[in-house]
Amino acid sequence: MKNALGSVDSVLLLGGRSEIGLAVVERLVRDGARRVVLAARGDAAAIGVRLKDLGAEVLVLDFDAERPETHERVVAAAAEFAGDLDVVVAAFGVLGDQAAYEADPVSAARSMAVNLGGHVSAGLFAARRLREQGHGTLVVLSSVAGVRVRRVNFVYGAAKAGLDGFAQGLGDALHGSGARVMVVRPGFVIGRMTAGMRPAPMATTPEAVADAVAGGLRAGAETVWVPGRLRAVFTVMRALPRAVWRRVPR
Amino acid sequence: MTFLTGWGRTAPSPATLAAPRTTAELAALVAAAPPRGLIARGLGRSYGDAAQNAGGLVVDVAGMEARWSLDPETGVVTASAGMSLHDLMLALVPLGWFVPVTPGTRHVTVGGAVAADVHGKNHHVDSSFGAHLRSLTLLTADGTGHLLRPGDDLFWATVGGMGLTGLVTEASFACVPVETSRMSVDVERTRDLDQTLERMTATDDRHRYTVAWIDLLARGPRMGRSVLTRGDHARREELPRGADPLAFAPAARLSAPPWAPGGLLNGLTVRAFNQAWYAKSRERRVIQDIAPFFHPLDFVDGWNRVYGSRGFVQYQFVVPFGEEATLRRVVSRLSAEGVVSFLTVLKRFGAGTPGMLSFPLPGWTLALDIPVGRAGLAGLLREFDEWVAEAGGRVYLAKDARMRAELLPVMYPRLPEWRKIRESADPGEVFRSDLARRLSL
């Protein structure tokens with residue numbers, strides 16, 4: 001469990017291939033975490049090697065965000081391996097392309113099933129486990145895209161808006177149980193998911209997100225913005241008139 | 001659910017709190033243990049998470065009915081485990097008996113003293129609490145009571161076993177006859193660490209109780225300068241005529257304010273305190289009451305709150321004799337880093353007990369209090385853990401709130417043996433604590 005100085009022993013990463021998720025786990029392992037479960041789709045055995053080199057025991061589990069009926073089993077298998085789950089990082093998601101979603105509404109609905117629906121079942125099952133433990137933090141990778149949904153990526157943004165609201169509500173539901181939810185709202189993250197895109201202002205990196213998450217865990221934060229000044233920026237953004245907001249290019 | 005912490009006030013966790021009055025009620029709680037198990041909690045003086053059990057049951061034993069008896073021929077006291085050493089001193093000192101071992105506070109229960117195998121300023125002569133035990137009554141996971149004696153494996157798994165073998169309900173231990181309730185104390189100052197170690201080694205066996213307080217913020221040639229305090233129970237003829245030799249009435253306690261700003265104890269205030277303490281400690285020989293000699297901090301109720309809302313960690317380790325270089329390395333690193341430790345205490349340990357997870361071993365033990373929040377503290381203490389383990393030493397579990405599980409088998413080589421005995425006494429892991437989970441005990 002989280003010790004007096006804020007280090008943790010065990011981490012479950014839902015979305016075991018997520019670049020941000022792996023950066024967070026690596027950071028926690030460097031700070032002392034020793035048991036890691038990577039839950040990912042398909043054969044993901046190779047991704048744990050680096051963490052093993054850092055001294056962690058790693059279990060890789062099959063995890064499909066689109067099959068909510070399997071999520072309870074994933075959380076149970078993770079707990080069987082790691083004991084108490086000190087941190088659960090829910091990092092899975094797909095970005096997709098807004099124009100393609102508009103051309104193929106079925107694919108848009110499917111992305112919603114991953115980016116929102118999958119988090120609802122996985123998050124609730126993880127929260128149930130944390131509540132029983134009486135401790136632990138569910139770290140939910142939201143995005144500034146969900147803080148105020150923009151014309152240019154509103155399918156993805158709507159899922160993140162839903163996820164953000166879900167995570168806040170879940171955090172409130174866990175209040176007083178010892179378990180908690182930490183909502184992480186990065187801006188544009190330079191990495192594999194955004195390869196080929198021109199970085200937005202105040203772009204960040206998976207490592208910077210990992211640092212912010214580690215700091216937030218130590219401090220027991222409920223919300224973490226990366227970079228931190230996006231909190232102030234979005235206070236203004238939320239107040240912009242619709243006519244201006246719908247023209248925000250990206 | 002109630003959120004509990006240890007004395008260091010770090011890492012709170014919620015548990016259901018039960019306060020049984022009788023052994024029968026205690027047995028009923030064990031029989032109906034929840035899936036997350038249960039752990040006994042006395043007066044909450046363990047610094048870390050030893051008496052916490054997130055999501056489970058914590059059994060407050062301090063309010064259980066108090067029973068004690070004294071055999072005036074042998075000085076053997078039998079006491080219920082929820083009684084505090086404070087209660088026992090109030091009863092025993094006027095009769096001319098003193099507890100065999102007292103830690104730096106008398107507000108610990110008998111059960112806690114057994115579970116942590118506590119030590120005091122007389123360790124170099126008298127070893128730890130477990131060495132004085134004649135028998136224990138242990139309520140095990142199956143709900144039955146067992147009278148254990150020092151020949152039993154379960155006895156030495158329980159002494160120092162951090163409450164994980166069962167609930168101690170009663171203990172018998174040999175007390176020490178005293179002629180008075182006062183201490184004859186002498187104070188000496190040393191100029192640096194070498195002289196501290198040298199003077200302690202040369203003079204320790206002349207006194208029953210010895211300890212050194214180190215000014216950790218002194219640097220350069222003064223690094224490790226200390227105030228040595230050595231004492232013995234005063235004899236009747238040392239007291240002024242007319243004094244009641246066995247009067248024992250510790251002064252009423254002050255209360256620390258309910259809230260203190262974080263950072264109140266910073267480099268400046270602690271340095272000032274340390275300098276003042278060193279300066280005021282004139283070399284002298286005095287007669288002192290038991291309480292100020294053994295338990296100076298007990299005068300301020302809740303002194304742990306002074307560290308602010310983030311709390312503090314106490315780091316205590318021991319290294320064997322011959323490993324003074326490791327001790328020196330730690331002290332110089334702390335001094336160089338300017339680590340703020342309000343009270344840093346050095347003590348020479350004598351022989352340990354056969355307690356499988358007991359902390360003391362013959363060597364030097366250093367204890368420091370460090371407020372949480374200092375950048376790099378986790379890494380620094382982890383480095384110390386490694387030095388200590390490499391030197392054949394260990395960290396004290398009753399103080400620990402942050403160690404990693406992997407060094408535990410190195411520091412406590414009898415851990416496998418302890419685990420085996422524990423597993424047969426408690427196969428379903430009914431007795432669980434946050435400490436046990438964190439360290440995979």
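In chain A of this predicted model, the charges come to 31 positive and 24 negative, and the mean positions of the two sets sit 9 Å apart. The accessible surface of the chain adds up to about 10,800 Å², with carbon and sulfur atoms supplying 56% of that area.

As for the fold, chain A is built from nine helices and seven strands. Its radius of gyration is 17 Å, close to the 18 Å that the globule rule gives for 250 residues, so chain A is as compact as a globular protein of that length. Measured out along the principal axes, its C-alpha trace spans about 50 × 35 × 35 Å. Of the 250 residues, 54% count as buried. Looking at contacts in chain A with a separation of 6 or more, 67% link residues 24 or more positions apart.

Turning to chain B, an unreviewed UniProt entry annotates residues 10–178 as "domain: FAD-binding PCMH-type". That stretch works out at 20% helix and 27% strand, and its end C-alpha atoms lie 39 Å from each other.

One residue of chain B can be followed in some detail. V77(B) belongs to strand β6, which runs over residues 76–80. With a relative accessibility of 0%, V77(B) falls under the 20% cut-off and so counts as buried. Setting aside neighbours within four places in sequence, V77(B) touches S69(B), L70(B), L88(B) and L92(B), along with A171(B), S172(B), F173(B) and C175(B). G120(B), 43 residues from V77(B) in sequence, is 19 Å away in space, C-alpha to C-alpha.

Technical notes
Residues are numbered from 1 along each chain as its sequence is written. Chains are lettered from A and ligands numbered from 1 in the order in which they are written. This is a predicted model: local features need pLDDT of at least 70, side-chain atom pairs count only at pLDDT 80 or more; totals for chains, interfaces and linings use all residues. Side-chain values use heavy atoms; hydrogens and water are left out. Helices (H or I, at least four residues) and strands (E, at least two) are DSSP runs, numbered from the N terminus. The radius of gyration is taken over C-alpha atoms; the globule rule is 2.2 Å times the number of residues to the power 0.38. Buried means under 20% relative accessible area, exposed over 50%, partly exposed in between (1.4 Å probe, protein chains only). Contact means heavy atoms within 4.5 Å. Accessible areas come from the Shrake-Rupley method with a 1.4 Å probe; for residues, only the protein chains shown count as cover. Lys and Arg count as positive and Asp and Glu as negative; His and the chain ends are not counted. The place of a charge is taken as NZ of Lys, CZ of Arg, CG of Asp or CD of Glu. UniProt positions are given in the numbering used here, feature names are shortened, and annotations may be inferred rather than shown by experiment.
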